[in-house]
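Please work through the exercises below with the sequence and the coordinates open beside you. Each task is followed by a solution that proceeds step by step.

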Amino acid sequence: MRIMPASKPVVYVTQSTFEEAPDDNLTLVHAPLITTESLPFDTDVLKTHYTWLVMTSKNTVKHFLPYFKEVQADKISSIGVKTTEALNMHGIDVDFEPSTYTQEGFIEECTIHPGDKILYPASSQKRPLMRDYMRDRGADVTEIELYYPKVHEGSIERIRDNLGSIDYLTLSSPSAVESLMGHFSKEELKDIHFIAIGHVTETRLNKYGLTASKPEHETLGHMINFIKESIQ
């Protein structure tokens with residue numbers, strides 16, 4: 001027989017998008033650590049015919065959506081299931097999605113050929129790993145610094161006001177870790193159980209002397225289920 005805690009654990013979900021809904025086992029609170037703002041770019045790059053359009057996140061889809069009708073690309077790649085869902089929601093089909101939703105998964109599974117022309121819109125704070133891989137394979141990569149992430153000050157205040165009642169806090173990117181740790185000390189956060197998506201996020205948190213649990217699959221749904229399994 002499984003015994004649940006007397007009161008529901010409080011989980012702060014810090015991803016940019018999340019639909020709060022009642023849950024039988026958890027109190028879920030949306031407190032996004034990162035908000036994004038579009039950056040201007042030279043739209044002449046959209047006039048080239050590309051082999052691949054590489055989309056790396058739901059934020060990329062949101063900020064690049066107004067330009068899709070102008071892009072000529074033979075194939076579209078998505079870095080993961082949530083990015084694919086965001087594209088599909090707008091009637092855009094995906095030709096490639098890695099089984100592991102990370103830059104490393106893309107590198108392992110996506111075949112890039114010398115001479116491929118690749119359009120790569122992404123955050124100004126993205127890791128260079130995937131871009132460097134594509135260029136090392138001989139591709140002609142056109143980067144667009146599409147948006148930049150910044151701290152969501154309202155969420156920082158909300159977390160500070162409720163530090164004593166937070167049981168779990170989810171983290172999905174190194175930027176989220178930096179946003180959090182730019183406002184809190186290790187000591188202030190020592191009683192919170194962190195759940196991290198991916199080893200890069202986990203490693204960034206470790207840098208501050210804090211540890212995190214990590215679900216097998218790198219999606220928010222798996223994070224929530226992982227928490228439920230841990231409290232049962």
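The exercises that follow concern a predicted model, and they deal with two individual residues and then with aromatic rings.

**Exercise 1.** Determine where Ala-139 is found, whether Ala-139 is buried or exposed, and which residues Ala-139 touches beyond four places away in sequence.

*Solution.* Begin with the secondary structure: Ala-139 is found in the loop that runs between α4 (129-136) and β7 (140-151). Next, take the relative accessible area, which is 10% for Ala-139; because buried means under 20%, Ala-139 is classed as buried. Then list the contacts, leaving out residues up to four places away in sequence: Ala-139 touches Ile-112, His-113, Gly-115, Asp-116, Ile-118 and Met-134. Finally, set sequence separation beside spatial separation for one further residue, Leu-171, which is 32 residues from Ala-139 in sequence and 33 Å from Ala-139 in space, C-alpha to C-alpha.

**Exercise 2.** Describe the surroundings of His-63, including which side chain is joined to that of His-63 by a polar contact.

*Solution.* The first step is to place His-63, which is found in helix α1 (residues 58-64). The second step is to assess its accessibility: the value for His-63 is 10%, so His-63 counts as buried. The third step is to collect the residues that His-63 touches, again without those up to four places away in sequence, and these are Thr-36, Glu-37, Ser-38, Leu-146 and Tyr-147. The last step is to examine Thr-36, whose side chain is joined to the side chain of His-63 by a polar contact of 2.7 Å.

**Exercise 3.** State how many aromatic pairs a search of the whole structure finds, and characterise two of them by distance and angle.

*Solution.* The search of the whole structure finds four aromatic pairs. Among them, Phe-64 and Tyr-67 form a tilted pair, with 5.8 Å from centre to centre and 40° between the planes. Within this pair, Phe-64 counts as buried because its relative accessibility is 0%, whereas Tyr-67, with a relative accessible area of 22%, is partly exposed. Another pair is made by Phe-96 and Phe-106, which are arranged edge-to-face, at 5.9 Å centre to centre and with 80° between the planes. This second pair links distant parts of the chain, since Phe-96 lies in the loop between α2 (81-89) and α3 (103-109) while Phe-106 lies in helix α3, 10 residues apart. Both Phe-96 and Phe-106 are buried. To complete the solution, note that Phe-41, Phe-64, Tyr-67 and Phe-68 form one aromatic cluster.

Note on methods: Residues numbered from 1 in each chain as written. Predicted model: local features only at pLDDT ≥ 70, side-chain atom pairs only at ≥ 80, totals over all residues. Heavy atoms only, no water. Helix = DSSP H or I, 4+ residues; strand = E, 2+ residues; numbered from the N terminus. Buried < 20%, exposed > 50% of the residue type's maximum accessible area, 1.4 Å probe, protein only. Contact = heavy atoms within 4.5 Å. Polar contact = N/O pair within 3.5 Å; in protein donor to acceptor, adjacent residues only side chain to side chain. Phe/Tyr/Trp six-rings, centres within 6.5 Å; stacked < 30°, edge-to-face > 60°.
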